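Here is a brief report on one protein model. It takes up aromatic rings, helix packing, the nonpolar core and a few backbone angles.

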Amino acid sequence: MDYYIVIPAHNEEAFIALTLDSLISQTVLPKKVVVVNDNSTDKTAEIVTAFAKENPFITLVNKTSEAIHLPGSKVIQAFHKGFETLDENYDVIVKLDADLILPNNYFETVLNIFKKDDTIGMAGGFAYIEKNGQWILENLTDKDHIRGAFKAYRKACFQQIGNLKPAMGWDTVDELLSKFYDWKVVTDSSLIVKHLKPTGANYNKTARYKQGEAFYTLGYGFLITSIASAKLAMMKRKPFLFLDYIKGFIKAKSAKTPLLVTPEQAKFIRKYRLQKMKEKLF
């Protein structure tokens, strides 16, 4: 199986070399790696160019966009820019962040997961962050969820879910749509990915409202949004975030913001989320 990687990167000079080092050290090398330099003002492009000279499968694409960092839309627009430069000769497509260190066997293991079962649409490991000199699990999501920082998709699944949505919630809706189309999402706890920059480190108040908007555009409805908001605020140990999320949801509903899913998909998503919540309670 051949895999292609797209890495959106904005001012990642501190980390991008570590990420690319871990890619060129993989036991099964990627066929193509596209780094999208998204409006960086630092040495990101120079570092990638140096790697590309030594490793012909790495290419650099430059993109200009707004400097403001909002979760979701900006990074996926950069992903699309890189994806457009690729051909169709891949079995697995990967969206990767530019601040990761992957274990050397990461993609060999992921490809083996895909090879074992044709109904597996997505596969990945777990994000760990450094705290007091130790690498600990970045506990923001459930064990059956693959973090947005490292998403690997089987080609047929990726095409069926319609590529990645340029909006916050893209890395939840992709999995929900995969399940809607009967694809399995598989995680492997042996794959420890070092996440060098904790999630949301650069997000502002506008971004916090965006989380509530994302819950709305996923078709969650108010009940599931309230439960999901409370859970996320508790996980982040910032209870007042709950109010920001609810405000974001209400603002999106009032503005009649378009959903990322069809009414049929939204109905499936609500049923699925409620079922998962019940399983955890009982």
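Is tyrosine 106 buried or exposed? The model is a predicted one. In it, tyrosine 106 has a relative accessibility of 1%, so this residue counts as buried. The cut-off for buried is under 20% relative accessible area. Phenylalanine 107 also counts as buried, at 1% relative accessibility.

**Aromatic rings**

The structure holds 16 aromatic pairs. One of them joins tyrosine 106 and phenylalanine 107: the ring centres are 4.9 Å apart and the planes stand at 80 degrees, so the pair is edge-to-face. Phenylalanine 268 and tyrosine 272 pair in a stacked arrangement, with 6.2 Å from centre to centre and 15 degrees between the planes. Why are these two residues about one helical turn apart? They are separated by that distance because they sit four residues apart in helix α10, residues 263–281. In an α-helix there are 3.6 residues a turn, so residues three or four places apart point the same way. Phenylalanine 268 counts as partly exposed, at 26% relative accessibility.

Ring pairs also build a cluster from Tyr4, Phe79, Phe83, Tyr90, Tyr153 and Phe158. Tyrosine 90 has a charged neighbour as well: lysine 155 lies over the face of its ring, 5.1 Å from the ring centre.

**Helix α6 and its partner**

Helix α6 spans residues 170–180. Nine of its 11 residues are buried, so the helix is largely enclosed by the rest of the structure. The buried residues are Trp170, Asp171, Val173, Asp174, Glu175, Leu176, Leu177, Ser178 and Lys179. Charged side chains are among them, including Asp171, Asp174, Glu175 and Lys179.

Which residues of α6 meet α10? On the α6 side they are Thr172, Leu176, Leu177, Lys179 and Phe180. On the α10 side they are Glu264, Gln265, Phe268, Ile269, Tyr272 and Arg273. Both members of the stacked pair, phenylalanine 268 and tyrosine 272, thus appear in this list. The axes of α6 and α10 come within 10 Å and cross at roughly 95 degrees. The two helices are therefore roughly perpendicular to each other.

**Core and buried contacts**

The largest nonpolar core has 74 residues. Ile7, Leu20, Ile93 and Leu96 touch the most other members. Beyond residues up to four places away in sequence, leucine 20 touches Ile7, Val33, Val35, Val48, Phe51 and Ile58.

Threonine 225 lies in helix α8, residues 221–235. It counts as buried, at 0% relative accessibility. Leaving aside neighbours within four places in sequence, threonine 225 is in contact with Phe215, Tyr220, Ile246 and Phe249.

**Positive phi angles**

Most residues other than glycine have a negative phi. The table lists residues with a positive value.

| Residue | Phi | Place |
|---|---|---|
| Asparagine 39 | near 65 degrees | loop between β2 (32–38) and α2 (44–54) |
| Arginine 237 | near 60 degrees | loop between α8 and α9 (241–254) |
| Aspartate 182 | about 70 degrees | just after α6 |

Asparagine 39 is partly exposed, with a relative accessible area of 24%. Arginine 237 counts as exposed, at 72% relative accessibility.

Note on methods. Residues numbered from 1 in each chain as written. Heavy atoms only, no water. Buried < 20%, exposed > 50% of the residue type's maximum accessible area, 1.4 Å probe, protein only. Phe/Tyr/Trp six-rings, centres within 6.5 Å; stacked < 30°, edge-to-face > 60°. Lys NZ or Arg CZ within 6 Å of the ring centre and 35° of its normal. Core = buried A, V, L, I, M, F, W, Y, C linked by side-chain atoms within 4.5 Å. Contact = heavy atoms within 4.5 Å. Axes fitted to C-alpha atoms, helices over the stretch in contact; angles between N-to-C directions. Parallel < 35°, antiparallel > 145°, perpendicular 65-115°, else oblique.
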